[in-house]
Amino acid sequence: MSWIYKRYIAFKLSEIIITNIFNYFEIDETKLEGATNNLNIKDLKFELKKEDSIKIIELIESCIERVKPLSKSKSKGNKRRKLNNGKELQKHDSQLSILMPHLINDLLQWYFQSLVSLNLIPDSTNIRTFKFKNDLTKWCNELKDKFPKNKYIQSVIALGIYLNFTVSKAEFLKLQLYTIPFILSNSKEFMIEQKKIIDINSKCSIPFEISNENKNIILYFTPVKLNQILSSSSTPDVGTTIESMTNHVKSLILSNFISKLYSSNDDIVNYLKFNSLNLSKDTIYNSIFMTRYTEDVNSIAKILYTNEKNDNKLQNIIKEYNNDYDKEQYIINEIYDMIIKVDEEIKENNDDNRVLNRIKEIETYLENKYEFFFDQTSEKKGDSKDEKIKAIIKNVCSLFSKRYLEGIKRFISNNQTSSLEIYNEICCHHPKNSILGDSNQIHCFENKNLIFENLLLYWIFGYMYRNHILKYEEDKEIKLDSKYENETIIEQGKQIIKLLKESTNNIYIDLESIDFSHNKTSKFIPIIKNIKQGKIYLKTNSKNINNVVNIVSNTGELSEFYSDLVLIINRVLSIYQNKPIEKFVFVNNINKEHHYMQIISILEWIQYCCEKEGKLSDIPNTIRLEVESSKKSYIEVYINTEWELITHGRIDNLWDLSVLDALDLTSNKIILDLNFLIDASKIEMSEVIESNIEKYRDMEKELLNESQENDEEFKYVRNVDEIIEISGVSSIVLQNLQFRRMKNYKYEWITTSTGNNDSFDDFDDFNNNKKSNVGLYLQYIYAKICSILRNCDFKTKQKEFSSFNKEENEDNEEYLFSLDQDIFKNIENISQKQKQNQFKNIFDFDELVRVTPEVFPLMWFLDDYIYNIYPSVYQKIEPSLILDALNQISHSISSVSSNLRVKGLGKSKLSNEIKALNSRKRLRENEQNDTSNDTIETNDQYWLTLANTRLLLFSYVRKLLYHGLSILGVQPLDRM
């Protein structure tokens, strides 16, 4: 709410300044030269219009800064200011301050520009010709003396070149906890004004008014492979796989946060309402989580080898438990056990190649019949042996894809505005047999298949061929067979893709042959041209050396760049049966930054080429390319997608071998699986529940017997299992978001299983546990506040308070918050229309501040969080800013909560503890001469009013904690 105070101060100061505005400036004769020699300051006055007054108010408002609270420690750094006379003064304990030189510079700039625009001075005049003639210290004192005092601004203090303002703490709390939630939030104009403030501070491109049509955003996080999911602590070279899976988890968590941030539409302003139901219904972006899930034939061959080695054990298990959902986990555990034994066998027999040779034979067999085994559209039949192999492959791949999908959904379960598109690829030893994003057979876990002819992909590669952009090694241009030289661009593109898959030569995109001058992200171009001499390889042929068994093999692989590019072209640029994607965000580790810079640069170039070669379509932002094809005569391409790259730092220790092996979750071996990670994180919460089992049994009974409906605006847990699940996810998510996005950090596993002396048996130990899990701590504080509200029957109170919330639709509200109006006077006019006569019998903010002065710093920080910290997150995409703020809010409310007791207030027989606690503060001025017997000790109405006011405070903090945790991607727990 500080913006209201800033606006009021700016308005009142402008009334003082404008009357003497032209007397503040004079001409510096030492700077006069040429045509300005004859300037006379008396002639440089003009009539001020309303626009000029508003501009001056804006300048003053922009110079008003929040003052950080004074520390009890010795002042240093930015808490001490140097004055021109050399003395040092600490800033006064105020809330708002103006550094006068900044204001003077802005006013002088406005004055100079006004003179130039009115032709009162030549355009060539130097602004240094003018200067401020008053002494700044004296001017500060002059403004202080003239500034009108009222109940909102407690005092104005001039300290050197600073003009400081101290707000009335009680009035600030009343404004924040009552006037805005109950009265102003009913004003559409006020809500728009608040949203403008937040959008300006966030430098957000989202318009103030919500679009009628939602936009679509894709968040492309790190792809994953089946061999990574099948890996365990027994797998050779597991370190590289751990790093890949760690990046996968981090990019997923960060993608979920970005999705919630973009889709929230600055809905934090809605949380300022007292009754704010369905808070996030109005979303600007619909989020789509997208990645590639690659099943490699080598991993499938290893699974078939384990079945063969164990006398068809896997085949028999699948046959026995097929379609039995409860037994799926048992089958998966058996597969992991068999894979771990094979990995250990390979490690132990370094000199014996029989295992790897047999796996290689199975892999070759599968590739020779890849259409039968992997192509879902193929109608080929096989013998009984092949049919059994295909059944194993189908069931195993289905089990692991479902398990992977379950893990993803557990991480993003709190995101209701998102959908998943995980595209399944098959990677073979020979690229011509692979089923990638350029193939019609690629499918999505969510049944969103790309089953259509890839005409746009053919056109793009045909266009690259015709413009001599694709080359072999040593700068040799690619030449198709002469019979294709006169073919259509579509046919040429088909042949180029076929050549890519079958050729034994390295093929790359020559960046020097591309004109990137029309790219929006031109800053990427110099960087990508310096990588590998400006070459982007689509296919590389290399020798692979297996150090374990000393085997050397030649491989020709399509690059990851090719796989990413073709999938994005088919999913995003081609709008066949797809809604347009307005924004596409790559979320990945900093090590992959150059890779995605290359992709974005090529995609922007493709968009430009399509726009240049095509014609406008009837669909907005769509180009129609004329093609010659047996099926279609044109292709529609969406060219308005905005590309963005968001990277993160390196994470170590997420899969901590020493800690996780001790948990004995499965075969006493770590498996690199998302579900395993969450289950391991749930151990901490499970241990707390086991040590307090009676409490949680009572909680479950309470949840089962709870008959009253929950509020629509908050999500609630239903059972203890849900508490454990959300706690496990929160622990991983919030600990990974607590560091700056680009920081490299080490993940800390803090469980009682680690033997850590800082472990705890109950959540009441959190405040004394400096190494406690940040995720569980924030959930605990939120649950504690919910418990206070629940025990005080806040739902009933809420209905009572709402009866004083009388909605009135104003016909004309534009003037209420305009810059040239006294904003507090207008607020008072609105408030008078509400039921104010009973206000003092319900809330008492003066007494709240007097009895617990610690409340004001908390509320002042909450204001900073809403209007400054949270908006800056949009600009920086920095979740740690929210987490730091929530941590500070939680610690503040935790430290002050002992002085904010509510239960029993208003009932004398239950209030003795509260009265004793506040005995030194409870004597008020109006009672010093009170001879009646109705003192505070016996005045139940006094305690009831104080309790109501404290409940408002707790409700307000709960909403902001709920909002912050939700944006970070976890569901807040109302019980723990």
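This is a dialogue on reading several features of a predicted model.

Reader: How many helices and strands are there in the chain, and what percentage of its residues is buried?

Author: The chain holds 31 helices and 25 strands, and buried residues account for 57% of its 976 residues. Where contacts join residues at least 6 apart in sequence, 76% of them link residues at least 24 apart.

Reader: What span does helix α1 reach from its first C-alpha to its last, and what span is expected?

Author: The idea is to set the reach of the helix beside the span expected at 1.5 Å a residue. Helix α1, residues 2–18, has 17 residues and reaches 24 Å, which is close to the 24 Å expected. As for its surroundings, 15 of those 17 residues are buried, so α1 is largely enclosed by the rest of the structure.

Reader: Which residues touch the most other members of the largest nonpolar core?

Author: In soluble globular proteins, nonpolar side chains tend to be buried together. Here the largest nonpolar core has 241 residues, and Leu13, Trp139, Leu366 and Phe411 are the ones that touch the most other members. Helix α31, residues 940–968, supplies the largest share of this core, with 16 residues. Leu13, leaving aside residues up to four places away in sequence, touches Ile60, Ile98, Leu143, Phe147, Leu163 and Phe165. There is also a second, separate core of 70 residues, with Ile469, Ile496, Phe516 and Phe524 among its members.

Reader: How many disulfides does the count come to, and are Cys63 and Cys140 buried or exposed?

Author: A disulfide is a covalent bond between the sulfur atoms of two cysteines. With a cut-off of 2.5 Å between cysteine sulfur atoms, the count in this model comes to 0 disulfides. Cys63 counts as buried because its relative accessibility is 7%, and Cys140 counts as buried because its relative accessibility is 0%; the cut-off behind both statements is under 20%.

Reader: What is the order of the strands in the open sheet of 3 strands, and which helix packs on the sheet?

Author: One reads such a sheet by following the pairing from strand to strand, and here the order is β20-β21-β22, with antiparallel pairing. The edge strands, each pairing on one side only, are β20 (615–616) and β22 (634–638). Strand β21, residues 622–626, pairs with β22 in the antiparallel sense over 5 bridges, and within this part of the sheet Thr622 stands opposite Tyr638 in β22. Helix α19, residues 593–613, packs on the sheet by touching β21 and β22, and its direction makes about 65° with that of β21.

Methods: Residues numbered from 1 in each chain as written. Predicted model: local features only at pLDDT ≥ 70, side-chain atom pairs only at ≥ 80, totals over all residues. Heavy atoms only, no water. Helix = DSSP H or I, 4+ residues; strand = E, 2+ residues; numbered from the N terminus. Expected span 1.5 Å × (residues − 1). Buried < 20%, exposed > 50% of the residue type's maximum accessible area, 1.4 Å probe, protein only. Core = buried A, V, L, I, M, F, W, Y, C linked by side-chain atoms within 4.5 Å. Contact = heavy atoms within 4.5 Å. Pairing = 2+ DSSP bridges. Axes fitted to C-alpha atoms, helices over the stretch in contact; angles between N-to-C directions.
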